[in-house]
Amino acid sequence: MDGSDMRSFGAFALLAVSLLLVVSFAGSCDSSGTDGLMLYEIKPLGETEGISLHNYSDNPIDLSGYLVSDNPTLSKEGTITFTERLLLDPGETIVLGASESDDPFFREGITVFNGQKGVKFSSQFALNNKGDDVYLFRDDAVVDAFCYGNVTIDDPALWVGEPFK
């Protein structure tokens, strides 16, 4: 192979790995029970920790039927609840921040902080910097999950593969 063949092969290999990562990530999440609402981004570090949710459906979604927790049983750790009707339009992302900050800690989305628009973080909700699991519930059933760092989710219906690092 000459130099241009090597560059072409390298570009093809990079594209193949990128597609594999996208397919692997998409395969690790099952949105069939969520009506299209899924965990989108998680920021566990610093004072501006938070999460974002994205509406992948073609319809608006009322978040008041959902809850986010860093515990799959809802018994030990904290939650983020929606105490008022809050609509998320198709293709829209909402960022849920624990406290207000000037730090734009997510790439996109409408930012709502604890106490605004019916969003309530319980005092126990905290994401561990070294690793944690986060669950999206609807009517007390887990509909999406994400793990990172040194924490794993053993239920293959919720997560397949290694934690995000």
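**Notes on a predicted, strand-rich chain**

1. Overall make-up. One helix and eleven strands make up the secondary structure of the chain. The model is a predicted one. Along the sequence the pattern reads α-β-β-β-β-β-β-β-β-β-β-β. The helix thus comes ahead of the strands in that pattern.

2. Burial and surface. The chain has 165 residues, and 41% of them are buried. About 9400 Å² is exposed. Carbon and sulfur atoms supply 55% of that area. Among contacts with a separation of 6 or more, 55% join residues 24 or more positions apart.

3. The open sheet. Four strands form an open sheet in the order 1-2-7-8, and the pairing is mixed. Strand 1 and strand 8 (110-113) are the edges; each has a single partner strand, so one side of each lacks a neighbour in the sheet. On average, neighbouring strands here are turned by 25° against each other, direction ignored.

4. How strand 7 is paired. Strand 7 has partners in strand 2 and strand 8. With strand 2 the sense is antiparallel, over five bridges. With strand 8 the strands run parallel, and four bridges join them. Val95 shows both links. Val95 is the bridge partner of Ser52, and its bridge partner in strand 8 is Thr111. Gly97 also has a partner in strand 8, namely Phe113.

5. Is strand 7 enclosed or open to the outside? Five of its five residues are buried, so strand 7 is largely enclosed by the rest of the structure. In a regular strand, side chains alternate between the two faces of the sheet. Here, Thr93, Val95 and Gly97 point one way, while Ile94 and Leu96 point the other way. Residues on both sides are buried.

6. The nonpolar core. In soluble globular proteins, nonpolar side chains tend to be buried together. The largest nonpolar core of this model holds 32 residues. Leu53 and Leu96 have the most contacts inside it. Elements that give two or more residues include strand 1 (37-43), strand 2 (50-55), strand 7 (93-97) and strand 10 (131-138). Strand 11 gives the most, with five residues.

7. A closer look at Leu53. Which residues does Leu53 contact, leaving aside neighbours within four places in sequence? From Leu37 to Tyr40, the contacts are Leu37, Met38, Leu39 and Tyr40. Further along come Val68, Phe82 and Leu88. Then follow Glu92, Thr93, Ile94 and Leu96. Leu136 completes the list. Leu96, one of these contacts, is the other residue named for the most contacts inside the core.

8. An aromatic pair. The structure holds four aromatic pairs. In one of them, the ring centres of Phe121 and Phe125 are 5.5 Å apart and the planes meet at 85°, so the pair is edge-to-face. Both partners are buried. Phe121 has a relative accessible area of 7%, and Phe125 has one of 8%.

9. Pro44 in its loop. Pro44 sits in the loop between strand 1 and strand 2. Is Pro44 buried or exposed? Its relative accessibility is 14%, so Pro44 counts as buried, the cut-off being under 20%. Not counting residues up to four places away in sequence, Pro44 touches Glu49, Leu127, Asn128, Asn129 and Tyr148. Pro44 and Asp132 are 88 residues apart in sequence, yet their C-alpha atoms are 8.6 Å apart in space.

Terms used. Residues are numbered from 1 along each chain as its sequence is written. This is a predicted model: local features need pLDDT of at least 70, side-chain atom pairs count only at pLDDT 80 or more; totals for chains, interfaces and linings use all residues. Side-chain values use heavy atoms; hydrogens and water are left out. A nonpolar core is a set of buried Ala, Val, Leu, Ile, Met, Phe, Trp, Tyr and Cys residues joined through side-chain atoms within 4.5 Å. Buried means under 20% relative accessible area, exposed over 50%, partly exposed in between (1.4 Å probe, protein chains only). Contact means heavy atoms within 4.5 Å. Two strands pair if DSSP finds at least two bridges between them. Axes are lines fitted to C-alpha atoms, for helices over the stretch in contact, and angles run from 0 to 180 degrees between N-to-C directions. Rings of Phe, Tyr and Trp (its six-membered ring) pair if their centres lie within 6.5 Å; planes under 30 degrees apart count as stacked, over 60 as edge-to-face and the rest as tilted. Accessible areas come from the Shrake-Rupley method with a 1.4 Å probe; for residues, only the protein chains shown count as cover.
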